Structures are given as structure tokens and as C-alpha cells.
Amino acid sequence: MRDYIIRLQNTADRWDNATPIGNGYEGMMIYGGVAEDRLQFNEESIWSGNPKDQKIDGFKERLDYVRSLLLNGREAEADLWIRENMADCFSKINSYEYAGELFLKLHDNDECKNYRRNLDVINGICTVSYEKDGKNYSREYFASHPAHLVVAKYTSNAEFDAKLKYNRVNIADLKYTDDGIIAKAVTCFGNHHFKMCVKVKTDGCLDREDNGINISNATFVELYSRIFTDFKYTNLDAMAEDFFKTELRDYNELKAEHIKDFSSIMKRSDIEFEQDPALDEMTTFIRIKRLVRDRDAYDYRLMSLYWQFGKYLLLSSSRPGTLPANLQGIWADGVDVPWSGDYHTNINVQMNYWQAEGANISECTEPLFDFMNKYLIPGGEEVARENYKSRGLVVHHLTDIYGFAGWADGLCGLWPVGGAWLAYHLWEHYLYTGDKDFLRNVAYRYIRECAEFAMDNLFPGADGYLHTGPSVSPEHSYYDFDGNKVFVAISPTMDVQIIGGLLEFYAECENILQIDPASSKIAMEKKAKMVPMQIGKYGQLMEWYKDFEDTEPHHRHISHAFGLYPAAQITKSKTPDLFKAIETAIDRRLAFGGAGTGWSRAWVINLMARLGRGESACDNVRDLFKQSTYYNLFDKHPPFQIDGNFGGSAGITEMVLQSHEGFINILPAVPNRLNGSFTGLRARGGITVSAKWNNGKVEYVEFIPDSPCDIMYKVPGADIQSVHLEGKLKISF
């Protein structure tokens, strides 16, 4: 595996160009300043707010009235009635917050030579180096998951002085000691406390003052950081005291342990696109500018780096034992984070995990599953029971670490299938691993409860179909047949796809596990009575139950494309008419200027890959770099929103390997001009796959099954083949 390094030649002048590191629990943004370094910290459980009482009196009766309006074609009236009579049903959640900042004053000015700020994404190490006044300075930063520490080291070939101080809003107590910094702070809402602890080691002289720590005549300064929150610990003082009492291990030992842990996961898989290796020596600033300025330029090796960076971000923000990655991953600036840094469940948190299974970093999904079972089941059950008078669980369009599951943020937030979409991740994990213990002990209850809610809340219409709603097609609206702009609908296509697919794989769960096989039949009977997907007047897959006009034909959400990706309900071989219709719908969206945000462009890459349109997928990756990527490779929504990184990386995987149609498809969407290889990717059925190709022709493919099995596979220019696998098999062409 070659080196994958994000190279920058400047200090960060703003947060979204700083360098991220993280250990799953805690994150740090590194500005790399010369005169003064700025390190901003995050901890996954520093959230404002509190758990909410989600019970709403009279909710079910009002809901039934809205359903009656929608069933009678009075969509605009239903929209208005909700605004006027159900405003009390919508909540607001508070924000994820940062943990504060360390400032390390080193020089009088920023003048220096040969400045470099690099991120080695395979080993998880950030470095900064420069020359100043004839002396060499270097820094290393890493976030250790095994040691549960964030570490920074400053060194020089000559003695230097430094001043260290901590800053944040709502500091309750701050002490500078001979050992380091102990700060207690409070969230802006909800009165949650946390302690920021920083140990300092140096060979210089340490002198503490009321406003900071002065260090003189040092050749090195080491900082070891740990954050304790009252979300996780009952006695913060005892945790901080124990942290400072415990003797630190040697820096080099901690670094070696971190690299072994981090790189062992990162090196499992690789996608290497061939091009001039000199591109790798350029800064990402130059590489992105090159694409912006030259419409004919491509940077295939940047695609490889970006793909590995997606793995890096997920590994840094979602490890076993942590909370899942939120809208900002684990990194966030300040106390009023864009979109609250929450978990948006109408695509965004799901997109965070699109890459995990195929890229062979499946354990990164454990925090998501833990979160669903620990927080969303009780929160979703409460809303289903108290408000819908229903079995099961429901989660609407966003949630938080307190398990919020109700309506929020106005009409967009009444969409009731966010929890059901998350159930797909459990099922996909089973499809990739075949792990029946996981299916029984981790996935089954959540899937079943989502299916129970869906079955209880499907209601009949005069057309003979079972409908879902009130709902929306996330976050889009339509013009009804009288020209009114309306959000609320029954049976929008995305709901039909999500619920229909959920009932189908729930039934399959029951058939596999034999826990309640009678419910399998009921689920499939309900699915058979749901509204079918329909083709509209433009030849497009309809987004709503009726062939309404879009109010925003360029809208960032392409919700009715769910059945193509990430689900697999629409395929060229099994549903050719619907396949053509969703292709038409996607092309119309793009023709009107769609994919205007980073995550939306990332979704289009995946959709084009599923359509088998390699040229378009590749071009959309290029557009993602040009229009929606900061120079540190963060996704530019704008502002930063991490799902675009994860979705873009998943799309690159889909270009080279797919397995959703019952066979392993090698290079399903790779243009002939793009040569390369991939290693260690995963296909459904528990198969690890590697391949090399040149000019569109596969040179070899290698399969490694988890256990003996029969598979089908396809390479470009050939028919589907069958083969039995007992162990590793390499096939040359």
C-alpha cells in the first residue's frame, strides 16, 4: 500500500481547513499556527439539552383527522391545518458543543520557511514542521483509541519557550498546576458538566501562573489530553484526580501502539487508481485548484486519497464503545453547531455508514447499532406508544444522544420513517457477514419493532391500497393540482420503498430465526397491499403518490431514488421499467441544477454507479472535489457536513465493486480511461474481493470467502459466471 498523505503548506486560517484527528471518543482540530498553535477539542457526549417528555395529548386524534384530509385529496388543507393546530407537536433539540481550545504561544510572529502540515491517514498521525531563525521545529499529533488519549508533541533542535492556556465559554473552574490543566465547564443549555484534563511533560522549566503555564528552555513539550463528561461518569472530580495520579506511559510507546491499532484497520482495504505519482507530492490546495482551473483535468490519485480519508474519518469518529458519528463526525466548532451537530435520519447519519461494510471496516458500525438499541428503541417506543397508540418504535427526521424520536423543525420533521431506514443498516450488516447471532441478538428486536409500527400505521384508502402518512418526501414540497405549495402527503415514494423493503426483510428475519414465523406472512400481506411505485408524465419515477410538480426541480434530496441506492429494489435486470424511470428522474434533477450540496453530489455518485454510468460517476467525483471539498478534504455542504465525505467514498467503492443483485459485479461503473486495482473490499455473502484491471479489462480477481460457498461473479465484457469457493481463489484473465 502506498502512502496516503493530505499535504498542506499553510496554517489553518479557519476551522474548516484545520486538520482532524480522533479516537472515537474525542476529537481535535489542529490549526498548526507558527506563532501560536490552536488546538480545538471535542468529546462525543458534550451536548446541550436534556431528555424530553415526548408525550403529546390528543396527538392521535389530530393525526387521524389529517389522514382523512389527505385521503380525500385535500393536501393543501392538511398542510395548513397542521401548521395551525399541531404546532405544539414540534420540538427543538439543542446542540452538540465543543470542549474548548488550547493555545500554545511559541514565537513572536508567523514568519518561517518550508512550512508543512501533513496528515498521514493510514497511520493516523498529523505532523507540522518548519524552519525559523535557523532552527528546526516539528510537531506530532495523534488520538489513541487504545489509550483513550489525544496527544501532541512539540520538538526543536534548539531550546524554545512556550506558554499554554485553555479557553472556552462557560468555564466553571480553571486550574493551572505543575502537572498541567484542569478545567471544568458547563454546556450552554441543560447544565451538563465536563472536565478537560491536560497533562504536560517537558524537559524545560515549567512555571504556572493564574492565566496559563509558562515553559522555558525546552527541547520538547508533550501534551496528553482526556475529557470526562457527566453523561458518562458520576464523579468527575474523582476521574480527573485519577487521571493525574496515573503515570503516563512513554510517548514513543503510546505512538507505536496507536499506529499498530489504527493502521491495522486502515490497511485492510485499498483502491488505487493509476496516474502520475507526482500528483501525490502536491498539496491538496494545488490539486483542487488544478481541477477548478482546468476543466479537462482529472486527479484519479486524489480519488484514492479521498476514499482512504473517508475510512480515516469514520475510524476516527466511530469505534466500538463510542457514540456514532454525527453530522460533524466528532468535530465541531463552538457551541452553536450547524444543524446542531445532531443525527439527521432522513439520509445524513445513514450516509455516514454507507462506506463501512464494503470498505471492510465493519466494526465501525457497532456504535450505530448500540445507539439504535440503547437510545432509539426506548425513545421510539415512547413516541409510538404515547402519541401514535401503536406497537413498535418510530423515529422521525432527527435524533440526539437522549433518544429523541418525535416531530421536530416544522413540517419537514413529521416524516415518520427515519428509524425504519436505520433498520436497513442492521440487515445490510447481516447480508455482508451472514452472522445469525448478530441477527438474533443485535438486529432482530429493532427490525421487528420498526416493522410493527409500520404495520400498525398503514391505513386503507378508497383506492384499495394501504397508505402511510402523514409524511413528506424529505425536505421537498410539491404543487398540488390547484397550484398550492404543499409539504404533507400520503405514501410518498420513499416511504413506500423504505416500508416495503423493511417488511420484506423483516419477514425474511422471521423465516431465518423462526421466532415468530406467523408474523412473516402478515408482513408480506401488508406489503402486497401498499401503493406500487409509479411512472409519471415525464417518464420519471414519481416522487409522490400523485403526479405532482416539484416546487424545486433541482432539490438536493432525490428521495425516490432510495430504491436504487442505498436499497436494491430497482435494478436493470429485475425492474427495467422502474430502472429507466428513476434514471430519468435523476437526470431531470441534475438538468435543473441539482446536487448543489456536498452530500447530495455524493449521493449522485452512488446513483450513477448503480446505473452503470461510469463516466458520469467519475465526473461527479470530480465535481465533488471542485465544488464541495475544502482544502483539508472536508466536505463543503456548505458549511462542513461530514456525510458528504462518507457518501463520496462509498460512491467510489460502488464504482469498482457491487454485490446487491445476487452476484459480485467487478468494475460495474469504471470508465475505460481509469486503470488501477483494489484489495480487501467486501461483498455481500461474506466474501473479501481484490482485483486489478487495465483499459477496462480485468487482469485478475481474487475471492476469499469467510466459509465455503458458491458464488456468482461478473467482469466487464463477460457473462455471469459461477464458482465454488473452499478458500482463497485467484482467477486470471
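The exercises below work through selected strands, a helix, a loop residue and salt bridges of a predicted model.

**Exercise 1. Determine which strands stand at the edges of the sheet that contains S28, and how S28 pairs with S29.**

Solution. Step 1: take the strand order, which is S23-S24-S28-S29 in an open sheet of four strands with mixed pairing. Step 2: look for strands that have a single partner. These are S23 (657-658) and S29 (721-725), so each has one side without a neighbour in the sheet. Step 3: examine the pair in question. S28, residues 709-714, runs antiparallel to S29 and is joined to it by five bridges. Step 4: fix the register with one residue pair: Asp710 lies opposite His724 of S29.

**Exercise 2. Describe the pairing of strand S11 with S10 and with S12.**

Solution. Step 1: start with S10 (residues 171-176), which is antiparallel to S11 and joined to it by five bridges. Tyr176 stands opposite Ile181 in S11, and three residues make the hairpin connection from S10 to S11. Step 2: move to S12 (residues 193-202), where the antiparallel pairing with S11 extends over seven bridges. Here Ile182 faces Cys197 of S12. Step 3: inspect the turn. Six residues separate S11 and S12 in their hairpin, and Gly190 in the turn has a positive phi of about 90°. Step 4: check the cover of S11 (residues 180-186): five of its seven residues are buried, so the strand is mostly covered.

**Exercise 3. Compare the span of helix H10 with the expected value, and locate its kink.**

Solution. Step 1: H10 covers residues 436-457, 22 residues in total. Step 2: from first to last C-alpha the helix reaches 29 Å, close to the 32 Å expected at 1.5 Å a residue. Step 3: H10 has a kink of about 60°, centred on Ala443. Step 4: at the start of the helix, the backbone nitrogen of Asp437 has a side-chain oxygen of Asp435 within 3.1 Å.

**Exercise 4. Decide whether Ser473 is buried or exposed, and list its contacts.**

Solution. Step 1: place the residue: Ser473 belongs to the loop between S19 (466-467) and S20 (478-479). Step 2: apply the cut-off. The relative accessible area of Ser473 is 0%, and buried means under 20%, so Ser473 is buried. Step 3: leaving out residues up to four places away in sequence, Ser473 touches Pro492, Glu543, Trp544 and Ser559.

**Exercise 5. For three salt bridges, state which parts of the chain they link and how accessible the residues are.**

Solution. Step 1: the model has 55 salt bridges. One of them joins Arg2 to Glu272, at 3.4 Å from N to O. Arg2 is in the segment before strand S1 (5-8) and Glu272 is in strand S15 (residues 270-273), 270 residues apart. Arg2 is buried at 14% relative accessible area, while Glu272 is partly exposed at 24%. Both belong to a salt-bridge network that also includes Asp280, Arg287, Asp299 and Arg301.

Step 2: Arg62 and Asp88 form a salt bridge with an N to O distance of 2.8 Å. The pair links helix H1 (residues 59-71), which holds Arg62, to the loop between helix H2 (75-85) and strand S5 (100-105), which holds Asp88; they are 26 residues apart. Arg62 counts as buried at 16% relative accessibility.

Step 3: Lys153 and Glu222 meet at 3.3 Å, N to O, in a salt bridge. Lys153 is in S9 (residues 149-167) and Glu222 in S14 (residues 212-229), so the pair ties together parts 69 residues apart in sequence. Lys153 and Glu222 are both buried.

Technical notes:
Residues numbered from 1 in each chain as written. Predicted model: local features only at pLDDT ≥ 70, side-chain atom pairs only at ≥ 80, totals over all residues. Heavy atoms only, no water. Pairing = 2+ DSSP bridges. Helix = DSSP H or I, 4+ residues; strand = E, 2+ residues; numbered from the N terminus. Expected span 1.5 Å × (residues − 1). Bend = angle between axes of the 7 residues up to and from the residue. Polar contact = N/O pair within 3.5 Å; in protein donor to acceptor, adjacent residues only side chain to side chain. Buried < 20%, exposed > 50% of the residue type's maximum accessible area, 1.4 Å probe, protein only. Contact = heavy atoms within 4.5 Å. Salt bridge = Lys/Arg side-chain N within 4 Å of Asp/Glu carboxyl O.
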